[in-house]
Amino acid sequence: MDAEPAPSRSISTHLRGALGACRGVWRHAARLALDIALPTLCVACREPVDGEGVCAQCWSKLSFIAPPYCPRLGIPFVYDPGPELLSMEAIANPPAYARARAAVRYDDVARTLVHALKFQDRTDLAPAMGRWMARAGRELLAEADALIPVPLHWRRGWSRRYNQSGALARVIARQSGVKLVSEALRRVRPTQQQIGLSRPQRASNVQGAFRVASHRQSEIQGRRLVLIDDVLTSGATTDACARALLRAKAASVDVLVFARVVDTHKAPI
Ligand SMILES: [Zn+2]
């Protein structure tokens with residue numbers, strides 16, 4: 001009936017707002033003080049740790065991927081088959097992207113980190129994860145013109161407030177000096193969640209689902225790009241993104257992820 005709120009209500013609203021702001025500032029200050037007073041915490045288990053990153057125990061549980069690996073897919077080999085020898089998977093099912101690299105295998109600690117970043121707003125994990133990715137993708141980044149994060153919106157989990165691929169890409173851009181081009185890829189048709197789908201189903205689910213945003217065309221055409229994502233599973237999503245970038249006349253597309261699923265039965269040639 002009345003458009004204006006009653007004065008008492010208005011005052012209490014203002015008070016609540018002011019108190020909320022104070023709490024926000026105080027929380028920030030308290031957090032800062034804690035950061036200064038306390039040693040750095042392990043990004044996985046939050047135990048105090050010397051330096052940054054993960055504690056020795058969690059570190060030992062992470063499987064960092066190092067050569068020898070398939071030069072195309074970055075799948076680790078158990079022995080060195082010699083230079084330029086591809087994995088069976090790269091030969092049988094060559095992706096649209098040129099090369100993929102991952103910092104770690106997608107196992108327990110890696111999953112903890114990915115889930116914390118993705119679902120628990122643990123943005124403090126992005127710097128360490130991004131640094132490991134920058135190291136794993138050094139070779140790709142040295143030749144790259146731009147970083148393209150895989151867009152968030154195709155996934156479920158709409159409530160998530162930010163794009164974890166974008167957060168990782170920002171760290172990698174700072175580390176490598178390669179330009180970040182955000183919002184280059186757009187989902188142009190709905191897709192269902194990839195979990196639970198077979199490999200062919202995953203591929204058809206995301207086929208043609210992405211397009212380069214028209215205002216980003218000039219930043220894609222003729223450029224050597226690195227797609228950034230948190231996890232590589234079947235590769236269907238990254239492949240669909242790579243196809244969209246190549247359709248927009250990218251010179252080349254490589255892929256850099258934090259963790260990749262490695263099928264230990266198929267990995268060695
Ligand atoms: Zn730990």
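This report describes the fold, a zinc site, two helices and several local backbone features of a predicted model.

## Overall architecture and confidence

The predicted chain comprises 10 helices and seven strands. Of its 269 residues, 43% are buried. Among contacts with a separation of 6 or more, 72% join residues that stand 24 or more positions apart. The accessible surface of the chain amounts to about 14,900 Å², and carbon and sulfur atoms contribute 54% of that area.

The average pLDDT of the chain is 81, with 78% of the residues scoring at least 70. Two stretches fall under 50 in pLDDT: residues 1-16 and residues 265-269. For residues 1-16 the model has one contact beyond four places in sequence. For residues 265-269, by contrast, the model shows 13 contacts beyond near neighbours in sequence. Where pLDDT is low, the predicted coordinates should not be read in detail.

## The zinc site

The zinc ion has four protein donors, namely the SG atoms of Cys42, Cys45, Cys55 and Cys58, at 2.2 to 2.4 Å from the ion. The angles subtended by the four donor atoms run from 102 to 114°, and the arrangement is therefore tetrahedral. Along the chain, the donors follow the spacing C-x2-C-x9-C-x2-C.

Cys45 and Cys55 both lie in the loop between helix 1 (7-37) and helix 2, so this pair ties together parts that are 10 residues apart in sequence. Their exposure can be stated for each: Cys45 is partly exposed, because its relative accessibility is 34%, whereas Cys55 is buried, because its relative accessibility is 10%.

Arg46 is placed in the loop between helix 1 and helix 2 as well. Although Arg46 is not a glycine, its phi is positive, at about 65°. With a relative accessible area of 35%, Arg46 is partly exposed.

## Helix 4 and its packing

Helix 4 covers residues 108-119, a total of 12 residues. From first C-alpha to last, helix 4 reaches 16 Å, close to the 16 Å expected at 1.5 Å a residue. Its buried residues are Val109, Ala110, Leu113, Val114, Ala116, Leu117 and Lys118. An α-helix has 3.6 residues a turn, so residues three or four places apart point the same way.

The buried residues of helix 4 pack against both helices and strands. The helical partners are helix 2 (56-61), helix 5 (126-136) and helix 7 (164-176). The strand partners are strand 1 (100-105), strand 6 (224-232) and strand 7 (252-260). Just after helix 4, Asp121 adopts a positive phi of about 60°.

## Helix 5

Helix 5, one of the elements packed against the buried residues of helix 4, is largely enclosed by the rest of the structure, because eight of its 11 residues are buried. The buried positions in helix 5 are Ala126, Ala128, Met129, Gly130, Trp132, Met133, Ala134 and Ala136.

## Helix 6 and a pairing distant in sequence

Ala142 belongs to helix 6 (residues 138-142). Its relative accessibility of 68% means that Ala142 counts as exposed. Ala142 and Ser176 are 34 residues apart along the chain, and their C-alpha atoms are separated by 7.9 Å.

## Loop features

The peptide bond from Pro67 to Pro68 is cis, with an omega near 5°. Pro68 is located in the loop between helix 2 and helix 3 (88-92).

Glu183 sits in the loop between strand 3 (179-180) and strand 4 (185-187). Its phi is positive, at about 55°, although Glu183 is not a glycine. Glu183 counts as exposed, at 57% relative accessibility. Arg216, in the loop between strand 5 (210-212) and helix 9 (217-220), is in contact with Glu183. Leaving aside neighbours within four places in sequence, the other contacts of Arg216 are Val181, Ser182 and Ala184. Arg216 counts as buried, at 18% relative accessibility.

Methods:
Residues are numbered from 1 along each chain as its sequence is written. This is a predicted model: local features need pLDDT of at least 70, side-chain atom pairs count only at pLDDT 80 or more; totals for chains, interfaces and linings use all residues. Side-chain values use heavy atoms; hydrogens and water are left out. Helices (H or I, at least four residues) and strands (E, at least two) are DSSP runs, numbered from the N terminus. The expected span of a helix is 1.5 Å times one less than its number of residues. Buried means under 20% relative accessible area, exposed over 50%, partly exposed in between (1.4 Å probe, protein chains only). Contact means heavy atoms within 4.5 Å. pLDDT is the predictor's confidence in each residue, from 0 to 100. Donors are N, O and S atoms within 2.8 Å of the metal (3.2 Å for Na, K and Ca); water is not among the atoms, so sites may look incomplete. Four donors count as tetrahedral if all angles lie between 85 and 135 degrees; four count as square planar and six as octahedral if opposite donors are over 155 degrees apart and all others between 65 and 115; anything else is irregular. Accessible areas come from the Shrake-Rupley method with a 1.4 Å probe; for residues, only the protein chains shown count as cover.
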